Amino acid sequence: MRATFLGTGGAVPTTARAPSAFLVNRDGERLLFDCGEGTQRQMMRYGTGFGVSHLFVTHLHGDHILGIPGLIQTLDFNDRDDSLAIHGPPGSKGHLEQLVHAGGYQPGFHVSVHEVRPGNVAYRADDYEVRAFDTEHRTASVGYALVEDDRPGRFDREKAEELGVPVGPAFGRLHAGEDVELEDGTVVRSEQVVGDPRPGRTVVYTGDTRPLNSTVEVACDADLLVHDATFTDEEAERAKQTAHSTAREAARVARDADVRRFALTHISARYAADPSPLLEQAREVYDGEAFVAEDGQKLEVPYADSDGGGAETGE
């Protein structure tokens, strides 16, 4: 699983930060979260590819949706055949459909638009799902959590051989949860040679929001939390007025949820020259791995029980 930050700026873009867009490539399936102006160009610049299957929109403010018409038309110009599903908060369907057909445009591929309520599953795949959760902004909004299913426990080959299981297909059946009968009639149960289920990975993306307990709940033990951190403490009142979070408030969510990694995003243009105060204030609260996300930043999201550290790269 690789995450790419395509746009990490606030409502006003800067030369270094584009409006909100975040892409997750999971085993070749590309999921896009928000689509601010110029997202298609960011995808070209940072080499993510255009093969997006689902777009998850957190809310209808321009810095999160104005890239949709351009992306749709670019996909069409590239002779796309595959369908695209767009998901948005309650009340968003008509507005999102207007963006798809901006200027009277008719895509040559199928685009479906769906509304999703907090607490519901926006998209269910074979071994993971994307869930919507409550956020608090100045308009109808949701956040999204990509949650993988548990994986089978580790297979103890040495124990299986001690129990007389022949090397071959029986190993796979046991690992898949089936019991196996040996030639002498002995039954080897799966739980004898397979450990406890291992958790999959969880990536949580809030979009614009005030800090909420609902985010803490859905992000509990998450591998990556991408949270609105628009302002420093000095602009705390401004954060309340505009329904955003300060870096310190976002860090409390990360701390209380005990996430493995925490990305600060939606950075106000007032910190264009130096975003370090945001990170400094966040680290006073959260002592895990925290960073201010940058446009073009890529990182791997490893399993919690793997040896991988989640290498980061720039462009």
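Helices in this tour are DSSP runs of at least four residues, numbered from the N terminus, and they are followed here through a predicted model.

**First stop: helix H11 and Leu 279**

Select residues 276-283, which form helix H11, and within that helix pick out Leu 279. Is Leu 279 buried or exposed? Its relative accessibility is 17%, and because the cut-off for a buried residue is under 20%, Leu 279 counts as buried. Apart from neighbours within four places in sequence, Leu 279 is in contact with Leu 264, Ala 290, Phe 291 and Val 292. If you also display Arg 17, which is 262 residues away from Leu 279 along the chain, you will find the two C-alpha atoms separated by 17 Å.

Now colour the buried residues of H11, namely Leu 278, Leu 279, Gln 281 and Ala 282. Their arc around the axis is only 165°, which means that they sit on the same side of H11. Against these buried residues pack helix H10 (247-257), strand S14 (261-265) and strand S15 (289-292).

**Second stop: helices H4 and H3**

Move next to helix H4, residues 93-100, where Leu 96, Leu 99 and Val 100 are the buried residues. They span an arc of only 105° around the axis, so they lie on the same side of H4. An α-helix has 3.6 residues a turn, so residues three or four places apart point the same way. To see what covers the buried residues of H4, show H2, helix H3 (68-77), strand S5 (84-88) and strand S6 (111-115), which are included in that cover.

Stay with H3, a helix that is mostly covered, with 7 of its 10 residues buried. Those to select in H3 are Ile 68, Pro 69, Leu 71, Ile 72, Thr 74, Leu 75 and Asp 76. Just after H3, the backbone of Asp 79 takes a positive phi of about 60°.

**Third stop: the annotated binding site**

Select Asp 63, His 64, Asp 208 and His 266 together, since an unreviewed UniProt entry lists these residues under "binding site". Although they are spread over 204 residues of sequence, they cluster in space, and the largest C-alpha distance is 10.4 Å. From this set, His 64, Asp 208 and His 266 belong to the lining of the largest cavity.

Take His 64 by itself, and note that its place is in helix H2, residues 62-65. His 64 has a relative accessible area of 0% and is therefore buried. Leaving out residues up to four places away in sequence, His 64 touches Ser 20, Asp 34, Cys 35, Gly 36, Thr 58, His 59, Tyr 205, Asp 208 and His 266. Among these neighbours, Asp 34 offers its side chain for a polar contact of 2.8 Å with the side chain of His 64.

Asp 208 is the next residue to centre on, in the loop between strand S12 (202-205) and helix H8 (213-218). With a relative accessible area of 3%, Asp 208 is buried. Which residue has its side chain joined to that of Asp 208 by a polar contact of 3.4 Å? The partner is His 59, and the wider set of residues that Asp 208 touches includes Asp 63, His 64, His 137, Asp 228, His 244 and His 266.

His 266 is found in the loop between S14 and H11, and has a positive phi of about 60° although it is not a glycine. The relative accessible area of His 266 is 4%, which makes it buried.

**Fourth stop: His 244 and Asp 221**

From His 266 continue to His 244, which lies in the loop between helix H9 (236-242) and H10. His 244 counts as buried at 6% relative accessibility, and the residues in contact with it include His 137, Asp 208, Asp 228, Glu 249 and His 266.

For a contrast in exposure, select Asp 221 in the loop between H8 and strand S13 (224-228). Asp 221 is partly exposed, with a relative accessible area of 47%, and its phi is near 65°, a positive value in a residue other than glycine.

**Last stop: the whole chain**

Zoom out and colour the chain by domain, with domain 1 covering 1-150 + 198-298 and domain 2 covering 155-190. The C-alpha centres of domain 1 and domain 2 lie 45 Å apart. Finally, select residues 18-266, which the unreviewed UniProt entry annotates as "domain: Metallo-beta-lactamase". Over this range the chain is 28% helix and 25% strand, and the end C-alpha atoms are 9 Å apart.

Conventions
Residues are numbered from 1 along each chain as its sequence is written. This is a predicted model: local features need pLDDT of at least 70, side-chain atom pairs count only at pLDDT 80 or more; totals for chains, interfaces and linings use all residues. Side-chain values use heavy atoms; hydrogens and water are left out. UniProt positions are given in the numbering used here, feature names are shortened, and annotations may be inferred rather than shown by experiment. On a 1 Å grid over the protein atoms alone, a cavity is a set of points where a 1.4 Å probe fits but cannot get out, and a pocket is an open set with protein on both sides within 12 Å along at least five of seven lines; lining residues have an atom within 4 Å of a point. Helices (H or I, at least four residues) and strands (E, at least two) are DSSP runs, numbered from the N terminus. Buried means under 20% relative accessible area, exposed over 50%, partly exposed in between (1.4 Å probe, protein chains only). Contact means heavy atoms within 4.5 Å. A polar contact is a pair of N or O atoms within 3.5 Å; within protein, one must be able to donate a hydrogen and the other to accept it, and residues adjacent in sequence count only if both atoms are side-chain atoms. The arc is that of the directions from the helix axis to the C-beta atoms. Domain bounds come from an automatic or database domain assignment.
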